[in-house]
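User: I want a close look at one part of this model: the strands, how they pair, and what surrounds them. Please keep it brisk and go residue by residue where that helps.

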Amino acid sequence: MNEDSTAEPAPRIKQRATCPDCAAANGEPHHEQCDVARCLWTGAQRLACTAYDRTTRSIDHDCGQDTWTGTWPGDEYAARLGFWCRWDNGWQPTSADDPNALPNLNRLYTDATWNREERRWDPKPTQP
Ligand SMILES: [Zn+2]
Ligand SMILES: [Zn+2]
């Protein structure tokens with residue numbers, strides 16, 4: 001695993017100046033209704049967060065204010081953890097040296113855990 005935070009992001013991680021949904025600029029908070037914004041408590045999509053119930057207006061945690069970082073949420077962490085996939089009659093796991101590799105977010109959500117203190121994805125402890 002590459003822990004060097006100064007390393008260039010892999011070229012297959014798409015860099016965007018603004019959020020594709022709400023057009024927040026890099027470092028700016030997403031719009032309240034933004035599809036892309038993550039819940040900072042669970043790491044999952046904020047719009048779909050179970051804490052956010054418009055009908056009852058009840059919440060069991062504060063989803064926080066996610067900001068656009070220039071890449072799709074999770075892409076950099078999937079790349080850092082070496083989770084890659086490619087389209088080949090369905091998404092198939094692959095390795096970073098595959099020229100068609102894209103960050104494997106499905107694997108990120110199953111094989112990594114959201115660290116809400118640090119607001120990042122950490123690898124799950126390996127099973128004995
Ligand atoms: Zn947004
Ligand atoms: Zn939430």
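Analyst:
**Strand pairing and its surroundings**

Cys-85 stands opposite Leu-102, a residue of strand 3. This is a predicted model, so every position below is a computed one.

Start with the strands around that pair. Strand 1 covers residues 84-87, and 2 bridges link it to strand 3 in the antiparallel sense. Both strands belong to an open sheet of 3 strands, ordered 2-1-3, with antiparallel pairing. Strand 2 (91-94) and strand 3 (102-103) are at the edges; each has a single partner strand, so one side of each has no neighbour in the sheet.

Where does the sheet sit along the chain? There are 2 helices and 5 strands in all. From the N terminus, the order is α-β-β-β-α-β-β.

Now the loops of this sheet. Asn-89 lies in the loop between strand 1 and strand 2. Its phi is positive, about 55 degrees, although Asn-89 is not a glycine. Asn-89 is exposed, because 5 other C-beta atoms lie within 10 Å and the cut-off for exposed is 12 or fewer. The loop between strand 2 and strand 3 holds Ala-96. Ala-96 counts as exposed too, with 12 other C-beta atoms within 10 Å. Follow Ala-96 back to Arg-80: the two are 16 residues apart in sequence, and their C-alpha atoms are 10.0 Å apart in space.

Next, the other pair of strands. Strand 4 (residues 112-115) and strand 5 (residues 120-123) run antiparallel, joined by 4 bridges. Two of the facing pairs are worth finding on screen. Ala-112 stands opposite Pro-123 of strand 5. Asn-115 has Arg-120 as its bridge partner in strand 5.

Strands 4 and 5 make a hairpin, with 4 residues between them. Arg-119 sits in that loop. Its phi is near 55 degrees, a positive value in a residue other than glycine. What is the exposure of Arg-119? Arg-119 is partly exposed, with 13 other C-beta atoms within 10 Å. That count falls in the partly exposed range because exposed requires 12 or fewer and buried requires 20 or more.

Look along strand 4 itself. In a regular strand, side chains alternate between the two faces of the sheet. Strand 4 shows the alternation: Ala-112 and Trp-114 point to one face and are buried. Thr-113 and Asn-115 point to the other face and are not buried.

Which residues make up the largest nonpolar core? It has 11 residues: Tyr-77, Ala-78, Ala-79, Leu-81, Phe-83, Trp-84, Cys-85, Leu-108, Ala-112, Trp-114 and Trp-121. Helix 1 (75-80), strand 1 and strand 4 each supply at least two of them. Helix 1 gives the most, with 3 residues. In soluble globular proteins, nonpolar side chains tend to be buried together.

Cys-85, where we began, is in this core. So are Ala-112 and Trp-114, the buried pair on one face of strand 4.

Tyr-77 is a good place to zoom in. Setting aside residues up to four places away in sequence, Tyr-77 touches Leu-108, Ala-112, Arg-120 and Trp-121. Leu-108, Ala-112 and Trp-121 are core members as well. Arg-120 is the bridge partner of Asn-115.

Step back to the whole chain. It has 128 residues, and 22% of them count as buried. Take contacts between residues at least 6 apart in sequence: 47% of these join residues at least 24 apart.

One last stop lies outside the strands. Ala-17 is in the segment before helix 1. Ala-17 is exposed, with 9 other C-beta atoms within 10 Å. Beyond its neighbours within four places in sequence, Ala-17 contacts Ala-25 and Asn-26. Thr-69 is 52 residues from Ala-17 along the chain, and 8.6 Å separates their C-alpha atoms.

Key
Residues numbered from 1 in each chain as written. Chains lettered and ligands numbered in written order. Predicted model: local features only at pLDDT ≥ 70, side-chain atom pairs only at ≥ 80, totals over all residues. Pairing = 2+ DSSP bridges. Contact = placed C-beta atoms within 7 Å. Core = buried A, V, L, I, M, F, W, Y, C linked by C-beta atoms within 7 Å.
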